Structures are given as structure tokens and as C-alpha cells.
Amino acid sequence: MRTRTLLALLLLIPLSDALLLVVVAQYINLVPTVALVVLTGLVGMLLVRAEGRHTLRSLQTKFAGGELPTNELMDGGLLIAAGAFLLTPGLVTDTIGFLLAIPVTRYPIREVLKRAVVKPYLDKQAEGFISGNVWVGGFPQDDGVYDADPNSYRFGGEDSE
């Protein structure tokens, strides 16, 4: 189900891009529309390049201080995605690329991704130790009773038999 939804959304982006380009071309003609698409792509790539350098410097600073650069690594991944969206011709993809490239919008997107993707994945891998949702008392049964076969365990040490 999630795969179908994701696939539908991925196919919806180019379709909406093409439709928006047709509408914009009707209002401002073809040559200005092409110029607008090329200009947004170029400006976006310059922005991604500058933000990538800033993120790389921040990553090196964290490494030098002995800290884990988790936010910087997430920012790097988001900047790679922003670059891919900005390289794809179209106004919708350029808008998504700018949202991922500008720090004011990238930071909230990063936090949402951490909460919705990274934390559940790590929690699944660590069996609940990331979020603290671990079983801490008794045996995990609904009735609170644990029945053991008396022959399956021994009382005392090896000398007690």
C-alpha cells in the first residue's frame, strides 16, 4: 500500500510539472517560460553549492570536536535531493528543490524526517531502546502468570541432585 502511494506521488510530480509549465507558457509565452525554468535551475544550483559548502564546514567542525554530525549528514542528504530536484526541469520540482535547499525550510523538514523515518527505523533495529519503548518488568504476557514446567529447570547448583 505504501509503495503504491509513493509511486503515485512520484508519477504525479512530473505530471503536475508539465501541466504547470503549459499554464505558465500560456500566460507569459514560451521563451520567458523556458528562461524562467533555466534561471531557477541555475540559481538553485548556486544555492545548493553554497549550502553544501556550509554543511561540509559544519560537519568538519563537529568531527573535530568529537561530536556526531547527525544533523549535518541529514542536511547533506537533503541537499543532494534538492540538487536532483533543481536539475529536473520544471517549476514544481524547482519549488521542491528550493524548499530543501533553503535552511529556513530545510531544518523543519529535517526534524520531521528524523521523527517520522529515522527514529522509527532505529527503534526497530534496537528493539525499542532508541525511544525507550522497551519491556522493563516481568514477563510480557497479558495475564501476568508464567507457567514453567518443573522439569525444565533445576533448583540449586549441580551438587543438589
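**Briefing: helix packing around Ala-82**

Leaving aside neighbours within four places in sequence, Ala-82 touches Val-48, Gly-97, Leu-100 and Ala-101. The model is predicted. The chain holds 5 helices and 0 strands. From the N terminus on, the order of elements is α-α-α-α-α.

**The chain as a whole**

- The chain has 161 residues, and 19% of them count as buried.
- Take the contacts between residues at least 6 apart in sequence: 54% of these join residues at least 24 apart.

**The nonpolar core**

- Ala-82 also belongs to the largest nonpolar core, which has 7 residues.
- The other members of this core are Val-48, Leu-78, Leu-79, Leu-86, Leu-100 and Ala-101.
- Two elements, H3 and helix H4 (91–101), give two or more residues to this core.
- H3 supplies the largest share of the core, with 4 residues.

**Helix H3**

- H3 has 18 residues.
- From its first C-alpha to its last, H3 reaches 26 Å, close to the 26 Å expected at 1.5 Å a residue.
- The buried residues in H3 are Glu-72, Met-74, Asp-75, Leu-78, Leu-79, Ala-82, Gly-83 and Leu-86.
- These buried residues of H3 pack against helix H2 (30–64), H4 and H5.
- An α-helix has 3.6 residues a turn, so residues three or four places apart point the same way.

**H3 against H5**

- Two packed helices are described by the angle between their axes and the distance between the axes.
- Helix H3 (residues 70–87) packs with helix H5 (residues 103–125) at an angle of about 105°.
- The axes of H3 and H5 lie 10 Å apart.
- H3 and H5 are therefore roughly perpendicular to each other.
- On the H3 side, the contact uses Asn-71, Met-74, Asp-75, Leu-78 and Leu-79.
- On the H5 side, the contact uses Arg-106, Tyr-107, Ile-109, Arg-110, Glu-111, Leu-113, Lys-114 and Val-118.
- By class, this contact of H3 with H5 has 7 nonpolar, 1 polar and 5 charged residues.
- Leu-78 and Leu-79 of H3 take part in this contact, and both are also members of the largest nonpolar core.

**H1 against H4**

- Helix H1 (residues 2–28) and H4 pack at an angle of about 115°.
- The axes of H1 and H4 are 7 Å apart.
- That angle makes H1 roughly perpendicular to H4.
- H1 contributes Ile-13, Ser-16, Asp-17, Leu-20, Leu-21 and Val-24 to the contact.
- H4 contributes Leu-91, Val-92, Thr-93 and Ile-96.
- The contact of H1 with H4 divides into 7 nonpolar, 2 polar and 1 charged residues.

**H1 and its end**

- H1 has 27 residues and reaches 39 Å from its first C-alpha to its last.
- That reach of H1 is close to the 39 Å expected at 1.5 Å a residue.
- Just after H1, Asn-29 takes a positive phi of about 75°.

**Arg-49 on H2**

- Arg-49 sits in helix H2.
- Arg-49 counts as exposed because its relative accessibility is 52%, and the cut-off for exposed is over 50%.
- Arg-49 and Leu-79 are 30 residues apart along the chain, yet their C-alpha atoms are separated by 8.7 Å.
- Leu-79, in contrast to exposed Arg-49, is one of the buried residues of H3.

Terms used
Residues are numbered from 1 along each chain as its sequence is written. This is a predicted model: local features need pLDDT of at least 70, side-chain atom pairs count only at pLDDT 80 or more; totals for chains, interfaces and linings use all residues. Side-chain values use heavy atoms; hydrogens and water are left out. Axes are lines fitted to C-alpha atoms, for helices over the stretch in contact, and angles run from 0 to 180 degrees between N-to-C directions. Angles under 35 degrees count as roughly parallel, over 145 as roughly antiparallel, 65 to 115 as roughly perpendicular and the rest as oblique. Contact means heavy atoms within 4.5 Å. Ala, Val, Leu, Ile, Met, Phe, Trp, Tyr, Cys and Pro count as nonpolar, Asp, Glu, Lys and Arg as charged, and the others, Gly among them, as polar. A nonpolar core is a set of buried Ala, Val, Leu, Ile, Met, Phe, Trp, Tyr and Cys residues joined through side-chain atoms within 4.5 Å. Buried means under 20% relative accessible area, exposed over 50%, partly exposed in between (1.4 Å probe, protein chains only). The expected span of a helix is 1.5 Å times one less than its number of residues.
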